[in-house]
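Biologist: Could you take me through the empty spaces in this protein, with a close look at the second largest cavity? I am new to this, so please explain the terms as you go.

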Amino acid sequence: MIYYGIVAVAVTMFSIQFLFNQIFEKSYGNGMRAMLVFSGGSNLAGLIVLLIINKFNFEFTPFSLLMAILSALNMMAYNYCSLKALGKINLSLFSVFAMLGGMALPFAVGILFFNEELTLGKSICFIIILASLFLTVKKDNSKSGYIYYAGIFVLNGLSGVLSTVFQSSDYEKTSAEGYSILIAVCCCVFSFAVLPFFKTDKAKLNIKACMSMAGYGILSRVANLLLLIA
């Protein structure tokens with residue numbers, strides 16, 4: 001039962017992190033440079049917390065690095081779609097796309113590729129997820145930005161899939177903490193390396209934007225670590 005409790009805590013943290021997405025989007029913007037700033041800043045904050053949790057131990061294996069790179073690229077794409085979507089839809093609708101995608105895609109992949117048992121309870125839950133998404137989309141009056149909504153749905157789900165691939169693999173790998181640190185490092189490196197190639201935004205970083213990056217990064221990285229452990 002303890003692992004169900006860990007998952008519940010992680011999901012609660014994920015639900016709160018969406019608020020920080022919205023605060024940053026309103027404070028700084030939602031363009032490509034904004035995504036890079038948000039990705040780099042939030043993962044830097046998350047990295048510091050993860051290093052403290054792991055007692056500043058750094059772990060490495062080639063497979064873990066490869067999976068960390070894929071996870072980092074997926075996360076950066078998700079951040080971009082998130083900021084763009086929040087410029088068009090409200091936080092409640094955004095959270096539905098993100099949370100349902102995070103549940104539906106790993107569920108389907110687990111059944112199809114990881115020989116997980118398909119029970120009546122799981123089937124009913126999956127139908128409810130699809131119905132919830134359908135009802136939510138019907139309520140959205142906006143006709144633009146569907147590519148970003150789809151991105152949120154798929155990319156958030158893909159994050160769970162990549163975590164499952166990492167944990168179920170027989171290749172030599174790091175601990176969950178070490179893997180989480182590698183992802184945060186990759187996100188920081190990619191974001192800060194590409195950032196100089198984009199023109200400076202008119203908006204300037206302020207306290208609200210910086211605090212939202214820190215809040216999002218800490219919640220996101222710790223919540224993902226909890227899911228890896230569970």
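Modeller: Happy to! Helices here are DSSP runs (H or I, at least four residues), and they are numbered from the N terminus. The model is a predicted one, where local features need pLDDT of at least 70 and side-chain atom pairs count only at pLDDT 80 or more, while totals for chains, interfaces and linings use all residues. Residues are numbered from 1 along each chain as its sequence is written, and side-chain values use heavy atoms, with hydrogens and water left out.

Now to the spaces. Rolling a probe the size of a water molecule over the atoms shows where empty space is left. On a 1 Å grid over the protein atoms alone, a cavity is a set of points where a 1.4 Å probe fits but cannot get out; a pocket is an open set with protein on both sides within 12 Å along at least five of seven lines; and lining residues have an atom within 4 Å of a point. Grid points are joined across faces, edges and corners, and a volume is the space filled by probe spheres set on the points.

By this rule there are two cavities of 30 Å³ or more. Your cavity, the second largest, has a volume of about 40 Å³. Its lining is made of S42, N43, M75, N79, Y216, G217, S220 and R221. Helices α2 (32–53), α3 and α8 each supply at least two of these residues, and α8 gives the largest share, four residues. Sorted by class, the lining has two nonpolar, five polar and one charged residues. For these classes, Ala, Val, Leu, Ile, Met, Phe, Trp, Tyr, Cys and Pro count as nonpolar, Asp, Glu, Lys and Arg as charged, and the others, Gly among them, as polar.

Let us set the largest cavity beside it. This one has a volume of about 100 Å³, and its lining includes M75 and R221, two names you have just met in the second largest cavity. Five nonpolar, five polar and one charged residues line the largest cavity.

Finally, there is the largest pocket, with about 1,300 Å³ of space. Of the 40 residues that line this pocket, V7, G102, M103, P106 and L227 are the closest to its centre. Helix α4 (91–113) is among the elements that supply at least two residues of the pocket lining, and α4 gives the most, with nine. The pocket lining divides into 26 nonpolar, 12 polar and two charged residues.
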